[in-house]
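Follow the side chains through this model, one site at a time. Start inside, then move out to the surface.

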Amino acid sequence: MEYFWYVVAALGAGVGTGLAGLSAATVMVPILIVLCPSFSGEYGAYQATAIALASDILGSAVTSSVYARNKKIDLRHGWVMMTCIIALSAVGSYAAYLVGNVVLGGFTLFLTLCIGIRFLIKPDTSKSGADSSDVRLGVKEIIISVFFGLTIGFGTGFVGTGGGMMMLVVFTAFLGYDLKTAVGTSTFIMTFTALIGFISHSLIHPAIILERWDVLIICIVTATAASLISAKFANKVNNKTVGRVTGVILTVLGVAMIYLNYFH
């Protein structure tokens, strides 16, 4: 039965990455910890986050390549955040090991639900007659990028996420990105943060590779395939359709995670 949940978790993670730039951990970690008894041990959550990060590497890579072909990646305004995120991800990974079991915090769960409802109400985040290239990366934008970059970077290692959900908020709300460009840019950054996070987790706790290689293979292959398919779909439809689908996914995901963490 656990293998069924591995596939379900990986499918949900891949679709979330391809459509909304979500980290695999947003879906996978709660499912693995709550529904899979083999992840209930002392370092079960740490192993679950590492597997999610491994799934994020190829999943984010194929997703960002699809968005890149459609010219939906903007690093001219995202390089500051990218630098900060990558710098702090390894630090967060080591801190997570020292703490032990790490479960997605209530803030992240409710944030997922709120973002989902937000996209249901306003599915198209792009501004009329403007795009991210119109936004100048001034002092205010740099301060925002540094603050959120350092915060998200630590979180990618500590909680085991690629930071996609928070990057989505920052890029659309503060840096003027439309939804597709925000997803493309965040998944490009997540490719590197997930790689660093997985390597850090594996070096600190080698049992992840030695004992969980079967789960790694299942989750990586399934999540990557789902990411590729959903990314291609997202780039064939308009922003409103992507926004609505993203809103439904995040809302359902938010409700499900809150239930799994507080009522299961």
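Set aside the neighbours within four places in sequence, and Leu32 is in contact with Tyr6, Phe39 and Ala48. The model is a predicted one. Leu32 is found in helix α2. Its relative accessibility is 0%, so Leu32 counts as buried. Another link across the sequence involves Glu2: the C-alpha atoms of Leu32 and Glu2 are separated by 8.5 Å, although these residues are 30 apart along the chain.

Two of the contacts of Leu32 are aromatic residues, Tyr6 and Phe39. How many aromatic pairs does the structure hold? There are seven. Tyr6 and Phe39 make one that is edge-to-face, with 6.3 Å from centre to centre and 85° between the planes. Tyr6 belongs to helix α1 (residues 2-20), while Phe39 sits in the loop between α2 (25-35) and α3 (44-69), so the pair ties together parts 33 residues apart in sequence.

Are these two rings buried or exposed? Tyr6 has a relative accessible area of 4%, which is under the 20% limit, so Tyr6 is buried. Phe39 is buried too, at 1% relative accessibility.

Phe39 has further partners. Together with Tyr3 and Tyr6, Phe39 forms one aromatic cluster. A charge joins the picture as well. The charged end of Arg212 sits over the ring of Phe39, 3.9 Å from the ring centre.

Now turn to helix α8 (residues 179-204), where both Phe188 and Phe192 lie. They are four residues apart, about one turn of the helix. Their rings form an edge-to-face aromatic pair, 5.2 Å centre to centre with 70° between the planes. How is each ring residue classed by accessibility? Phe188 has 24% relative accessibility and counts as partly exposed. Phe192, at 33%, also counts as partly exposed. Both values fall between the 20% and 50% limits, so neither residue is classed as buried or exposed.

Last comes the surface. Ile117, Leu120, Ile121, Val248 and Val252 form a nonpolar patch there, with about 460 Å² of accessible area together. Which elements give two or more residues to the patch? They are α5 (106-121) and α11 (239-262). The largest share, three residues, comes from α5. Val252 lies in helix α11. Its relative accessibility is 54%, over the 50% limit, so Val252 counts as exposed.

Key: Residues numbered from 1 in each chain as written. Predicted model: local features only at pLDDT ≥ 70, side-chain atom pairs only at ≥ 80, totals over all residues. Heavy atoms only, no water. Phe/Tyr/Trp six-rings, centres within 6.5 Å; stacked < 30°, edge-to-face > 60°. Buried < 20%, exposed > 50% of the residue type's maximum accessible area, 1.4 Å probe, protein only. Lys NZ or Arg CZ within 6 Å of the ring centre and 35° of its normal. Contact = heavy atoms within 4.5 Å. Patch = residues over 30% accessible without salt bridge, like charges linked within 9 Å, V, L, I, M, F, W, Y side chains within 5 Å. Areas by Shrake-Rupley, 256 points an atom, 1.4 Å probe, with all protein chains shown as cover. Salt bridge = Lys/Arg side-chain N within 4 Å of Asp/Glu carboxyl O.
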